[in-house]
Amino acid sequence: MSRFAQACLFAGLIAAGAAHAQEPAVADDPYQWLEDVTGDKPLAWVRAQNAKTDAALASTPQFKAMEAGIREVLDSDAKIPGVQKIGEWYYNFWKDKNHERGIWRRTTLEEYRKPQPAWETIIDLDALNKAEGENWVWHGADCLRPDYSRCLVALSRGGADADVTREFDMASKSWVEGGFFRPEAKGALGWIDRDTVYVYTDFGAGTMTQSGYPRVVKRWKRGTPLASAQVVYEGKADDMYIAAYHDDTPGFRRDFVSRTLAFYNDEVYLVGKDGALAKVDAPNSANKGVKRQWLTLELREPWTVGGRTYKAGSLLATNFDDFMAGKRAFDVLFEPTDSTSLASFSWTRSHLVLNVLDDVKNRLSVLTPSANGWKRSEFTGAPAFGTLGVSAVDDDESDAVWLTATDYLTPSTLSLAEVGSQPEQLKAMPSFFDGSNDAIEQHFATSKDGTRVPYFLVRPKGLKADGNNPTLLYGYGGFEISLTPGYSGGLGRSWLDRGGVYVVANIRGGGEYGPRWHQAALKANRHKAYEDFAAVAQDLFKRNITSPQHLGVQGGSNGGLLTGNMLTQYPELFGAVVVQVPLLDMKRYNKLLAGASWMAEYGNPDTADWEFIQTFSPYHLFDPGKAYPPVIFTTSTRDDRVHPGHARKMAAKMIEAGKDVTYYENIEGGHGGAANNAQAAHMAALAYSFLWQRLSGDAQDGKASGAVGK
């Protein structure tokens, strides 16, 4: 997948859209009526469950104190305001107790260096919502070079992936009357020039892929109807996502079409002045990037070309024009080892900064192109421990980068670093809990097939290894996404401050060891991710950190599928399970919202793939005759990426069987589960309260036993 398409997908900027038309309930799925997202009967069921859950968990003073503590963290004015340089200004989107939906604001670098910068508000979403009677959630802005006087602003109703795009005038701080406007749908607008944009969206029947994403991209001229926009490229119905984008780098302006067939499977085309498309003829599985004269390829599979074989996980670079002319000579900028993988890289004006994971710990280095090849050097002043992030301040104008550093116990810091010079720390997040009481360790469990699986352990320094410690195990294990240490004030206050142990498992399916780690748990090998996770749980038992009755598990989205499988396949290992915005019905997942886009990850249940998919479909693995640990399912009505029907149906099925089930569905929130800080605090407090009361035996947090769903 191209870096452009990958960024869009993972950032949620492309939309899954409104629900597909639902089929009537069938005999072998009596709960299919719950897939009707906004139907009166399903919503009545949801509200009844929500009321039971709030009565059982949210009515105590302890819950309200926890919720307030999390809300205080989320609303804090002392959080680091991350910024994006646009022209001469530094922009930030900010939410706090006075701005629930947030404000888009800007300042100068001189002001930003101050402890309390003076900000100029550009868009106030709370004021806009009040004026328009809407519930807009911010989805970002794209501002046009070189004067950045016009921006394309994306707004979502209630936090859904589907959004609208509106043109905004920066000078007057107002919406452009008669300007570019894209109605609510999945897709986006992108600038070509002041009077022209690329538009990929729902143009009507036949213009969306089976995954629910745009399959047609057009070039749209100002002042003309959207219906008259000129087609640039039309993909196939079974493609995943079609887009186009304009690279406005001075001296290297180019246009590209991106055809994504599946996650990590795409084609990229250079658009000629005559509109003809020339394919960037690199492997579909490679991440393709073009910056100035350079083409970079992140290989996900071995590639033999030009008489040489390059390893999967390598980063290659070559001259873009030479490549398009047929030359195949590459410089190898990174090659993985058994313990290392490329986490990311960032261009500056003169350098390329590599961020490498070595046994899930970040290491930075600098590459500098020259007439004699690429020179390698260390990144000056990089912290020795913790999760590090590097991004260019302005990759066309300077060699400055933003450097972030954090871990589970150390509040995040933000520094400004000129490559080759010592970083200047500008901001630091305050301590929201006392991390001095805890310690961070890394251990390795041995999975069923002998694979070494790393995990991080955060524990009280005075931990008694008696097996009685309330422990929360978190995981994801999919889509090549790595889990690295990060600071969470809400987790610290709600879990660590109470003496809880926190564990993060770096299981296969993720990206901690590059493409090979991800590919090891695809489709028929999905079970390996679950075996890894179970192995971490068992390693905690061996170390006497905890025991099954005191071990809880939490995960969301693909991680919700993970915890759903822990619930159904390994119930004896856990005392409580949290399943958030999950996939659970793997027979129908590809028919619900964006589900078809994930078949490269899980397989196609409408084919012979069902033989292995059914072995990790929690909805079908559930056995009413078996004993299961207490479980809470949470989701969002406005989640238009992973259908709320997954959580609804699984909960209803288990409730009818008399199991200990708690259910809560936020009416807003999209795939993130919450549309503002109040909702986010409530959802987090529900999960932590549920876990603590089940794993510690502390009934003061709410109802200590019994099925809430009954």
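A residue counts as buried when its relative accessible area is under 20%, as exposed when that area is over 50%, and as partly exposed in between. The exercises below concern a predicted model.

**Exercise 1. Backbone geometry in three loops**

Task: Classify Arg 292 and Lys 173 as buried, partly exposed or exposed, and state which peptide bond, joining Arg 145 to its partner, is cis.

Solution.

Step 1. Locate Arg 292: it sits in the loop that connects strand 18 (287-291) with strand 19 (294-298). Its relative accessibility is 7%, so Arg 292 counts as buried.

Step 2. Locate Lys 173: this residue belongs to the loop between strand 7 (163-169) and strand 8 (174-175). Lys 173 has a relative accessibility of 35% and therefore counts as partly exposed.

Step 3. Check phi. For Arg 292, which is not a glycine, phi is positive at about 50°. Lys 173 is not a glycine either, and its phi is positive at about 55°. Most residues other than glycine have a negative phi.

Step 4. Check omega. The peptide bond between Arg 145 and Pro 146 is cis, with omega of about -5°. Most peptide bonds are trans. Pro 146 is part of the loop between strand 5 (136-143) and strand 6 (150-157).

**Exercise 2. The two sides of helix 5**

Task: Which residues of helix 5 (residues 125-132) are buried, and why do they line one face of the helix?

Solution.

Step 1. List the buried residues of helix 5: Leu 125, Leu 128 and Asn 129.

Step 2. Look down the helix axis. The buried residues of helix 5 fall within an arc of 100°, so they line one face.

Step 3. Turn to the other side of helix 5, where Lys 130 and Ala 131 are exposed.

Step 4. Inspect the ends. At the N-terminal end, Asp 124 acts as a cap, with a side-chain oxygen 3.0 Å from the backbone nitrogen of Asp 126. Just after helix 5 comes Gly 133, whose phi is positive at about 65°.

**Exercise 3. The cavity and Thr 406**

Task: State which residues line the largest cavity, then find which residues Thr 406 contacts beyond its neighbours within four places in sequence.

Solution.

Step 1. Count the cavities: the structure has one of 30 Å³ or more. The largest cavity holds about 30 Å³ of space.

Step 2. Read off the lining of the largest cavity, which is Val 360, Lys 361, Phe 385, Gly 386, Phe 456 and Pro 485. By class, this lining comprises four nonpolar residues, one polar and one charged.

Step 3. Place Thr 406: it is in strand 29 (residues 400-406). With 13% relative accessibility, Thr 406 counts as buried.

Step 4. List the contacts of Thr 406 beyond four places in sequence: Gly 386, Thr 387, Pro 411, Ser 412, Pro 485, Gly 486 and Tyr 487. Gly 386 and Pro 485 are also among the residues that line the largest cavity.

Step 5. Add the polar contact and a distance. A polar atom in the Thr 406 side chain is 3.3 Å from the backbone oxygen of Thr 410. Ile 440 is 34 residues from Thr 406 along the chain, and their C-alpha atoms are 12 Å apart.

**Exercise 4. The loop after helix 9**

Task: For Thr 546, which backbone oxygens does the side chain approach, and which residues does His 550 touch beyond four places in sequence?

Solution.

Step 1. Place both residues. Thr 546 is in the loop between helix 9 and strand 36. His 550 is in the loop between helix 9 (527-542) and strand 36 (551-556).

Step 2. Assign burial. Thr 546 is buried at a relative accessible area of 2%, and His 550 counts as buried at 14% relative accessibility.

Step 3. Follow the side chain of Thr 546. One of its polar atoms is 2.8 Å from the backbone oxygen of Asn 469, and the side chain also reaches the backbone oxygen of His 550 at 3.4 Å.

Step 4. List contacts beyond four places in sequence. Thr 546 touches Gly 467, Asn 469, Thr 471, Leu 540, Phe 541 and Leu 551. His 550 touches Gly 467, Asn 468, Asn 469, Pro 470, Thr 471 and Leu 695.

Step 5. Note the sequence separation: Thr 546 and Lys 464 are 82 residues apart in sequence, with a C-alpha to C-alpha distance of 9.7 Å.

Methods. Residues are numbered from 1 along each chain as its sequence is written. This is a predicted model: local features need pLDDT of at least 70, side-chain atom pairs count only at pLDDT 80 or more; totals for chains, interfaces and linings use all residues. Side-chain values use heavy atoms; hydrogens and water are left out. On a 1 Å grid over the protein atoms alone, a cavity is a set of points where a 1.4 Å probe fits but cannot get out, and a pocket is an open set with protein on both sides within 12 Å along at least five of seven lines; lining residues have an atom within 4 Å of a point. Grid points are joined across faces, edges and corners, and a volume is the space filled by probe spheres set on the points. Ala, Val, Leu, Ile, Met, Phe, Trp, Tyr, Cys and Pro count as nonpolar, Asp, Glu, Lys and Arg as charged, and the others, Gly among them, as polar. Buried means under 20% relative accessible area, exposed over 50%, partly exposed in between (1.4 Å probe, protein chains only). Helices (H or I, at least four residues) and strands (E, at least two) are DSSP runs, numbered from the N terminus. The arc is that of the directions from the helix axis to the C-beta atoms. A polar contact is a pair of N or O atoms within 3.5 Å; within protein, one must be able to donate a hydrogen and the other to accept it, and residues adjacent in sequence count only if both atoms are side-chain atoms. Contact means heavy atoms within 4.5 Å.
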